[in-house]
Amino acid sequence: MSTTAHGPTRETSRWEAQRSFDELGRPLRGLTFCVVDLETTGGSAAAGSMITEIGAVKVRGGEVLGEFQTLVNPHTEIPAFIAVLTGISNSMVHDAPPIEAALPAFLDFAAGCVLVAHNAPFDVGFLQHFARQQGRPWPKLEVLDTAKLARRVITRDDAPNCKLSSLAKVFNSTTTPNHRALADARATVDVLHGLMERLGGLGVHTLEELQTFSARVSTAQRRKRHLAEGLPHSPGVYLFRDNRARVLYVGTSKDLRTRVRTYFTSSETRTRIGEMVGLAESVTGIECATPLEAEVRELRLIAEHKPKYNRRSRFPEKVHFLKLTREAWPRLSLVRKVLDDDADYLGPFSSRKTAEKCLAALHETFPVRQCSGRLPLTPSRSACVLAEMGRCLSPCDGSTDASAYAAVVRQLRDTLLRSPHEVVEAINQRMTALADRERFEEAGIHRDRLATFVRAAARTQRLTALTRCPEIVAARREDSGRWSVHVVRHGRLAAAGVIPPGADAHQYVRELTASAETVSGAPGPVPAATAEESEKILRWLESPGVRLVDVDGEWVCPLDGAARHLAIYDAANQSRLSLVPFDEQRLPSPVHRPVR
């Protein structure tokens with residue numbers, strides 16, 4: 001554990017240009033900030049993840065006052081997946097102090113400061129968890145999140161996203177983030193200073209102004225507030241249109257009128273949306289019975305109109321699948337459509353690059369042929385390079401017989417449909433071996449492939465479980481006390497409604513089901529709806545308080561399925577990216593509610 005202090009420097013502070021301002025509130029130049037970063041064994045302290053390193057930098061007026069750095073013994077094995085990411089191995093933390101010693105030392109270092117972190121809920125959440133675990137009161141530290149602040153300041157013209165590495169480049173950080181705590185904290189200091197300097201030109205000079213800053217709204221935007229006046233206070237979908245009635249943007253809300261009004265106030269901070277509002281001439285509202293129906297309608301309208309200012313869900317048709325073919329010598333193939341050909345499919349993937357990572361993970365584990373085209377029952381070709389490297393059973397030249405090849409294909413099919421254990425075990429062993437030899441970059445490639453495969457397999461298994469059910473009827477008591485009811489057929493929302501007060505619930509459900517959209521089943525994991533629609537439905541079905549009224553079919557997932565491996569790989573990926581995107585993504589929950 002080390003702490004260093006620095007005396008006065010003769011260099012000109014980055015804050016000198018601001019020292020002539022007479023600000024109200026607490027001037028930023030006079031505050032002491034403690035910028036902290038953690039490395040951990042996973043993404044959730046509540047789920048048992050531990051801290052492996054703490055790094056912090058104390059700054060005031062743009063000058064470094066001291067630094068704090070310590071490795072932390074987690075008293076548990078560091079997963080190879082995490083070791084590859086951070087470069088912190090079990091041997092490095094063996095003699096390090098435990099969190100019981102490291103946390104008090106850090107809190108002493110940070111006392112009296114404004115705590116700063118990039119994606120602060122993650123780092124501060126871990127620190128608060130272990131403070132509670134030790135029975136230690138959490139000090140009243142104000143917290144500043146540079147990722148959240150960057151989302152208000154940085155545009156896509158500045159950087160493609162708000163991850164630390166991207167912002168470090170934007171602000172010419174003297175330290176390159178490398179997933180070690182102190183280095184990342186130093187880079188965050190430069191990002192903090194860069195953000196504050198940019199905001200200084202916008203009149204933000206105090207902590208209070210910094211905490212409440214949002215993009216300024218033009219007078220022209222405010223004048224368009226009347227566009228929201230005709231909308232109801234109910235859940236639904238809204239469409240901004242231009243002077244030619246073209247759809248510019250589609251959104252959804254539990255309260256249409258209230259949500260649309262925010263587009264004409266200072267609470268709207270997105271630069272591109274400000275541009276959209278400037279072009280808008282009208283807003284159309286579509287009332288929906290439930291928030292879920294609104295979310296589904298939003299997806300369908302975005303896919304139909306492809307509005308310029310919606311960044312997501314515009315091209316649901318642009319997906320890829322991995323296909324395990326049905327032929328004499330099966331192989332894995334990258335395809336764009338699911339056919340009714342009795343083959344097994346994995347996906348959908350939103351990009352070809354992601355699908356290729358998953359394909360590589362499978363080929364690393366199962367030596368099935370990678371050549372294209374069909375082979376006759378008795379092939380007579382020459383062996384390829386992969387066969388010479390031992391990465392293909394080489395049915396082409398008769399090196400394997402049909403029964404041996406079929407046994408490998410059965411393992412591959414079981415991996416796709418039920419248990420990913422073979423792939424997880426094989427690639428984890430390879431990553432561990434590479435990490436032990438400090439070949440972290442190569443190990444990182446295998447880590448990314450494995451994470452991609454686990455997510456794809458979990459997604460496919462969850463979607464398949466839902467879409468193979470001809471009908472699911474479910475209900476939930478909402479905050480208003482009324483029951484919302486949804487009819488789902490083959491993964492597609494077929495009907496939605498709210499039981500009126502005093503109505504016969506059983507009769508209402510029967511009538512809603514009878515009037516629901518007719519949906520035909522089809523092959524593949526997402527036959528009747530887009531994957532995004534089915535995942536929204538899954539999140540609602542798995543939410544607290546949902547009751548299954550009727551299930552036609554079996555809504556189950558394999559006990560040893562890919563979902564059980566999701567937590568560690570998603571946590572490592574989140575840490576690797578250190579990303580708070582401009583439009584936040586929410587991954588679907590991997591847990592199914594049991595069928596009753």
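What share of the contacts in the protein chain with a separation of 6 or more comes from residues 24 or more positions apart? Residues 24 or more positions apart account for 69% of them, where contact means heavy atoms within 4.5 Å.

Before the exercises, a word on the model. It is predicted, so local features need pLDDT of at least 70 and side-chain atom pairs count only at pLDDT 80 or more, while totals for chains, interfaces and linings use all residues. Residues are numbered from 1 along each chain as its sequence is written, and side-chain values use heavy atoms, with hydrogens and water left out.

**Exercise 1. Take stock of the chain and describe helix H17.**

Step 1. Begin with the inventory: the protein chain has 20 helices and 16 strands. These are DSSP runs numbered from the N terminus, with helices (H or I) of at least four residues and strands (E) of at least two.

Step 2. Turn to burial. Of the 596 residues in the protein chain, 50% are buried; the term means under 20% relative accessible area, with exposed over 50% and partly exposed in between (1.4 Å probe, protein chains only).

Step 3. Now look at H17, residues 440–467. Its 28 residues reach 40 Å from first C-alpha to last, close to the expected 40 Å, a span given by 1.5 Å times one less than the number of residues. H17 is mostly covered, with 20 of its 28 residues buried.

**Exercise 2. Find the largest nonpolar core and place Cys358 in it.**

Step 1. A nonpolar core is a set of buried Ala, Val, Leu, Ile, Met, Phe, Trp, Tyr and Cys residues joined through side-chain atoms within 4.5 Å. The largest has 37 residues, and Cys358, Leu450 and Phe453 are among those with the most contacts inside it.

Step 2. Which element gives the most to this core? The answer is H17, with eight residues.

Step 3. Focus on Cys358, which counts as buried because its relative accessibility is 0%. Leaving aside neighbours within four places in sequence, Cys358 is in contact with Leu322, Leu346, Phe349, Thr452, Phe453 and Ala456.

Step 4. Widen the view to helix H13: its buried residues include Ala355, Cys358 and Leu362. The buried residues of H13 pack against E10, E11 (332–335), E12, H15, H16 and H17.

**Exercise 3. Work out the surroundings of strand E5.**

Step 1. Are the faces of E5 (residues 114–117) covered or open? Both are covered: Val114 and Val116 on one side, and Leu115 and Ala117 on the other, are all buried. In a regular strand, side chains alternate between the two faces of the sheet.

Step 2. Find the partners, remembering that two strands pair if DSSP finds at least two bridges between them. E2 (residues 32–40) pairs with E5 in the parallel sense over three bridges, and Phe33 stands opposite Val114. E5 and E6 (residues 143–145) also run parallel, joined by three bridges, with Leu115 opposite Val143.

Step 3. Follow the chain from E5 through helix H4 (residues 120–133) to E6: this β-α-β crossover is right-handed. With the strands pointing away from the viewer, the path from the first strand over the helix to the second runs clockwise.

**Exercise 4. Describe the hairpin of E7 and E8.**

Step 1. E7 (residues 236–241) and E8 pair in the antiparallel sense over six bridges, and Gly236 stands opposite Ser253.

Step 2. Five residues lie between the strands, and in this hairpin Ala245 takes a positive phi near 65°.

Step 3. Finish with E8 (residues 247–253), where six of the seven residues are buried.
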